[in-house]
There are 2 protein chains.
Amino acid sequence: MKPGIPKGTRDFGPAEVLKRNYIFDTIREVFIRYGYQPIETPAMEDLATLTGKYGEEGDKLLFKVLNNGDFLRKADEEALSARDSTALVPSISKRGLRYDLTVPFARFVVMHQNDIPFPFKRYQIQPVWRADRPQKGRYQEFYQCDVDVVGSDALIYEAELAQIYDEVFSRLGLKVVVKLNNRKILAGMAEAAGIAPQFMDMTMAIDKLDKIGLDGVRNELSGRGIGSEAVDKVVEMLGITDLQALRSLFAQSETGLKGVEELSTVMDYLAMGELKNEVRFDITLARGLNYYTGCIFEVGVDTSSPGQEAIKMGSIGGGGRYDGLTSVFGMTDRGSGVGVSFGAERIYDVMEELSLFPADGARTLQLLFIAFDEAAHRHAFRLLGQARAAGINAELYPEPAKLKKQMKYANAREVPFVALIGESELAAGTLTFKNMATGEQQNLAWPAIIEQLKDR
Amino acid sequence: MKPGIPKGTRDFGPAEVLKRNYIFDTIREVFIRYGYQPIETPAMEDLATLTGKYGEEGDKLLFKVLNNGDFLRKADEEALSARDSTALVPSISKRGLRYDLTVPFARFVVMHQNDIPFPFKRYQIQPVWRADRPQKGRYQEFYQCDVDVVGSDALIYEAELAQIYDEVFSRLGLKVVVKLNNRKILAGMAEAAGIAPQFMDMTMAIDKLDKIGLDGVRNELSGRGIGSEAVDKVVEMLGITDLQALRSLFAQSETGLKGVEELSTVMDYLAMGELKNEVRFDITLARGLNYYTGCIFEVGVDTSSPGQEAIKMGSIGGGGRYDGLTSVFGMTDRGSGVGVSFGAERIYDVMEELSLFPADGARTLQLLFIAFDEAAHRHAFRLLGQARAAGINAELYPEPAKLKKQMKYANAREVPFVALIGESELAAGTLTFKNMATGEQQNLAWPAIIEQLKDR
């Protein structure tokens, strides 16, 4: 048989794994620097935990795992005779694959609430699975990187999460813009425009701004039955960039003022430290259908930064504050939290496009020994052990094959240095040390080679 | 609803994740030191790739993923009316969860044979899923750590894999015994005892030695129809510890001599370097039903090592050389390989029992700020940013709560140092710096605290 892999899934070869790990490790280091702790949850969750949490569409996209053994024995006979797939599922499948990291996190907090400290600062970097139709950039298996703190409504966490974005992307060498808004400010806008009951309609329309432009938002708002005067007011407010200017506009909106207050506090905290990227208030940030109740975040590539002008990429991260994370699992207190996530797959694509991965990131092998006869090969094996003991990632071509064949392997492995040993080297007690980038060759004693490589 | 997780799966809290990563990171570093490269394969594979590779029992233990959408539309009507679960599966499930890392590796090599260098030295550390009945120490989701080289029959790889075991366990602080044998030596034993056709019977019996003892092996051999003279010969040979002593015994067995030759070469290579653990020939090592054709490996805890006497644990790693890894997927050349795996779950349990995890391994937070009023809290937030910029993992309790509440959190997080700021500290420009282990408190200026923590 000719083997394949399921649609929408991917194999990762060495170079890709190393680059992906470079991103994950960078993110993880910053999370730890900020006091967040890792958790891991199983790939399979009870379907009862997952079902109903992601809307009707989400339920359809859950991967369900067939019960093992004679699963038809307990199958729902009615659903079976009606050939009703949806109705049959609960009787033949108890488990599903993790669809995101938020629901498992909520379940984790509820199950372990007596063992964890609150506020609970956790991060989680694991794959999730969705039965989405595969297309360019959309996979059925992909990683999520989430960082959340639950059990406190203190605004220092909003500031800290913005700082985390700033620090991670600074370490990755990517210039970004971190946009901040607050759902309460959006609520204030609706109140100020006299369309408080249509808050969600307004939010949904604003959320499309990037795609459809200001005129599109106008049409969208009108199409949702919002009067022209209110539409004008909303569109006018979308032009506001000064957070404090909202105070007078929101004079009649307690919620709106609360939003301005919260975001101002966050901005004050941020002003206490140095930021390497632009972090700014963006009144047009809405974060669509999400369950956010306070501050919201979104990160995009800074296309005004030199070299990054050509990047076409949507948001590479986002998040916000939410309430009642755990209430669906019966835990009603300490449910306020705030969190953000990193779009690792998109970050990978942007970093690839901008060549931001360290040149030697994918190159884990530092030295390859090449030997020309059996005696030299044995000698090389001894030196190989010494190289590794000295902390050098090294390897020996498995047999004293033809030079061409061995050099072909050296090139395929992209090894920066090769040490050649033949009869003459063995007699002289030296090695031919070749820099593969420059082609330069030197005849060196073994200790000199170790010295050269040790601190790389 | 009261949430749970599926039987046989686990949540990992922060301390567990950090300990598990300590093991994985150590293993990974050594793999890279030895020139191995990472690959990752999808959690879901086509069922066609997995089915029939693990025997009948294995097929039953595969987790099958239900096709999405109206899966009954294409269901096998005959199987459905017969209520035949097994016959129904192929028509309602195309995908299954990864059962081990070997079959996906073989598939990977075949699919990517034109893009990878041979010999291909790869490692893979990923979870696998098996529908085994859950019991103590046996899970439905667990990690495997495999390292293999495929496309070469050079014996330096056998030596290198034994060195990898030696190095990994040395770094983990666990004394082990690495046992080596060769399937060809077992074949030679069968020939020398005149029971060549019953090679597998003999191997299966020897494989049970640890469990049933020498008398048990005798009975097992007799029970499998092996004559008493041959049984005596086999049992006598099981007492041999000197590899070279086999040469005369195997005078008539070409295969047996080849096995001695191969293992001697491996031992010669190993003698060229320093080993920190005992690596020895063990003629009683059989590795059961596996598909090995040459050298075989097994690692156990060294219970003769001081402090490790009480450890009761089976093998914590094993492997061997195989042929035709990829032939099942239609690639018939370059299929010879050799590989070993690490039993990470068991290694974890042993390390836990022996308290081998570094004391601060689970402690990622170095400093917690505690503030007593709003002004101090804001000041602390500023210092917090400076601490993090200086490379210190730090955090601030979210609000100026009561000391008792904040200290309770400090204890729960097991943070080694706390910096307290109140009115008097703010006025004096200092902090109260508390060592949580000793209880010692000092009044220090901020730069002095940074200095103390920076290099920890």
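**Axis and salt bridges**

Colleague: Which residue of chain A comes closest to the rotation axis?
Modeller: At its C-alpha, the residue in question sits 2.2 Å from that axis. This is a predicted model: local features need pLDDT of at least 70, side-chain atom pairs 80 or more, while totals for chains, interfaces and linings use all residues, and side-chain values use heavy atoms, without hydrogens or water. Numbering starts from 1 along each chain as written, with chains lettered from A and ligands numbered from 1 in written order. The residue is A:V65.

Colleague: What relation do chains A and B have?
Modeller: Chain A lands on chain B with RMSD 0.1 Å (least squares on C-alpha atoms with pLDDT of at least 70 in both). The move is a rotation of 180° with 0.0 Å of shift along its axis. So that's the relation of a two-fold axis.

Colleague: How many residues apart in sequence are the parts that B:D201 and B:R224 tie together?
Modeller: Their side chains meet in a salt bridge (Lys or Arg nitrogen within 4 Å of an Asp or Glu carboxyl oxygen) at 2.9 Å, N to O. B:D201 lies in helix α9 (a DSSP run, H or I, of at least four residues) of chain B and B:R224 in the loop between α10 and α11, so the parts they tie together are apart by 23 residues.

Colleague: Is A:E278 buried, partly exposed or exposed?
Modeller: A:E278 meets A:R280 in a salt bridge, 3.1 Å from N to O. Its relative accessible area is 38%; buried means under 20% and exposed over 50% (1.4 Å probe, protein chains only). So A:E278 is partly exposed.

Colleague: How many salt bridges are there over all chains?
Modeller: One network of them links A:K121, A:E160, B:R388, B:E395 and B:R413. A:D132 and A:R138 also pair up, at 3.9 Å. Over all chains, the count comes to 60.

Conventions:
Helix = DSSP H or I, 4+ residues; strand = E, 2+ residues; numbered from the N terminus.
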